[in-house]
Amino acid sequence: MTLHQNLIAGEWVGGDGIANINPSNTNDVVGEYARATADDAKAAIAAAKAAFPAWSRSGILERHAILKKTADEIMARKDELGRLLSREEGKTLAEGIGETVRAGQIFEFFAGECLRLAGEVIPSVRPNIGVEITREPVGVVGIITPWNFPIAIPAWKIAPALAYGNTVVFKPAELVPGCSWAIADILHRAGLPKGVLNLVMGKGSVVGQAMLESPDIQAITFTGSVGTGKRVAMASVEHNRKFQLEMGGKNPFVVLDDADLSVAVEAAVNSAFFSTGQRCTASSRIIVTEGIHDKFVAAMGERMHGLVVDDALKPGTHIGPVVDQSQLNQDTDYIAIGKQEGAKLAFGGDLIKRDSPGFYLQPALFTDAHNQMRIAREEIFGPVAAVIRVKDYEEALAVANDTPFGLSSGIATTSLKHATHFKRNAEAGMVMVNLPTAGVDFHVPFGGRKGSSYGSREQGKYAAEFYTTVKTAYTLA
Ligand code: NAD
């Protein structure tokens with residue numbers, strides 16, 4: 001089997017490989033991927049540092065052309081790359097292709113941003129002096145990504161980093177090196193000068209750690225768990241480096257008595273279970289007012305009954321497998337914890353067998369839960385959700401906000417008054433009305449508050465805040 005190597009200083013290097021396993025069928029090896037050492041990471045950082053002066057001064061047309069070419073190839077290969085994504089991560093083929101298209105759109109968007117770079121010229125408060133405000137690249141950017149969006153998250157970090165003139169050391173999650181390797185290969189062939197993007201696949205404790213410890217990385221953008229995020233933060237403070245963290249969620253989805261029942265059920269099922277519940281924006285707390293509670297739970301049960309859990313690549317599959325054995329253990333542990341805490345497992349929660357050996361779990365819905373239970377406070381990151389019954393809108397909002405996290409927050413209601421109040425008062429970076437808590441546009445800011453995020457927003461024009469540093473220049477006329 002061909003070994004997919006790391007890209008360092010424009011060369012494909014590395015020998016020691018590891019198998020990338022399909023969670024829908026553990027007999028299926030997606031490919032062999034090299035594992036970088038700490039020395040490889042150091043070489044990648046040195047290459048990015050050496051490439052920075054030229055790339056930071058490169059013409060905007062060159063950057064535009066490379067990012068546009070990358071977008072075009074991703075779009076042209078969306079079915080093949082979407083299939084690779086589904087095979088290595090386990091989300092359904094439709095979800096895999098959808099995520100791939102999104103990655104293409106992100107590269108397209110930032111290709112355009114290269115041509116829209118602008119500053120400000122304003123008069124000084126002092127006579128005969130002009131003031132120019134410009135944005136400059138930050139330097140070497142370290143990119144560390146999780147396994148649950150194998151192509152979109154790398155795209156929404158790499159594209160702006162390059163567009164604004166930074167060089168990159170990119171470490172993807174160990175479980176899903178395939179899509180990351182494909183992006184690096186496309187950018188390399190699109191003509192990116194050597195050292196501008198370096199790919200170092202491997203373990204977080206080795207490759208990621210070497211990145212955290214390097215004084216030559218000026219900024220780190222990280223998406224992943226809260227625990228690792230804190231390490232990134234501490235190491236970055238130590239090195240006086242810019243950092244941005246996108247971490248966990250415990251996103252609420254509120255259903256009010258006046259909700260359209262079918263809209264509420266569709267949005268709740270999507271939020272809780274699509275992509276196997278493995279989205280940072282997934283909802284695992286469904287907060288339902290008492291007038292609609294019983295009808296809503298019954299309708300959820302019926303809808304869940306129709307969900308097909310099977311091989312991610314099979315036509316007709318709605319929910320693919322859990323990503324690996326350790327995540328599956330975490331999910332089933334939380335199902336056991338929910339039962340011990342006194343919540344009622346109303347639907348699902350069983351391990352299931354399919355034609356191929358994979359990590360299949362029937363989506364689980366608890367009822368009779370309350371917001372202090374561990375299943376309502378801790379991120380499970382699987383297809384497990386809990387319904388919390390509340391009296392009215394005011395209690396629903398209070399419960400929704402009673403969490404250490406603040407990424408996304410949703411509500412199903414036909415009341416303009418409640419929708420408006422919720423948009424203003426939900427303590428989250430993103431608010432959804434009559435829509436799932438997950439599923440966002442690629443051209444607008446993405447991110448959260450409280451324990452979910454740290455630093456400036458990702459995506460859209462707001463990405464410039466992280467990937468550039470502002471300079472104010474004064475000139476005597
Ligand atoms: P993780 O924290 O285990 O790993 C994330 C990345 O950090 C991986 O590449 C990993 O190798 C690396 N890493 C691990 N130890 C490291 C170390 N010591 N130094 C440097 N890097 C290290 O997270 P995961 O399990 O891959 O992803 C799941 C988590 O990601 C969930 O908590 C989820 O909510 C979160 N997530 C958040 C968002 C968001 O935008 N808020 C999006 C997707 C996923």
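**Exercise 1.** Into which domains is the protein divided?

*Solution.* Start with the ground rules: this is a predicted model, where local features need pLDDT of at least 70, side-chain atom pairs count only at pLDDT 80 or more, and totals for chains, interfaces and linings use all residues. Residues are numbered from 1 along each chain as its sequence is written, and side-chain values use heavy atoms, with hydrogens and water left out. Now the split: domain 1 covers 3-247 + 452-476, and domain 2 covers 251-433. These bounds come from an automatic or database domain assignment. Taken over C-alpha atoms, the two centres are 31 Å apart.

**Exercise 2.** Find how many residues of each domain are in contact, and the area buried between domain 1 and domain 2.

*Solution.* Step one: 24 residues of domain 1 touch 28 residues of domain 2, with contact meaning heavy atoms within 4.5 Å. Step two: about 2000 Å² is buried between the domains, and carbon and sulfur atoms give 60% of that area. Buried area here is the accessible area (1.4 Å probe) that two parts lose on being put together, summed over both. Step three: on the domain 1 side, Ser24, Trp147 and Ser452 supply 26% of the area buried against domain 2, more than any other three residues.

**Exercise 3.** How many salt bridges does the rule find across the interface of domain 1 and domain 2?

*Solution.* Look for a side-chain nitrogen of Lys or Arg within 4 Å of a carboxyl oxygen of Asp or Glu. Across this interface, the rule finds zero salt bridges.
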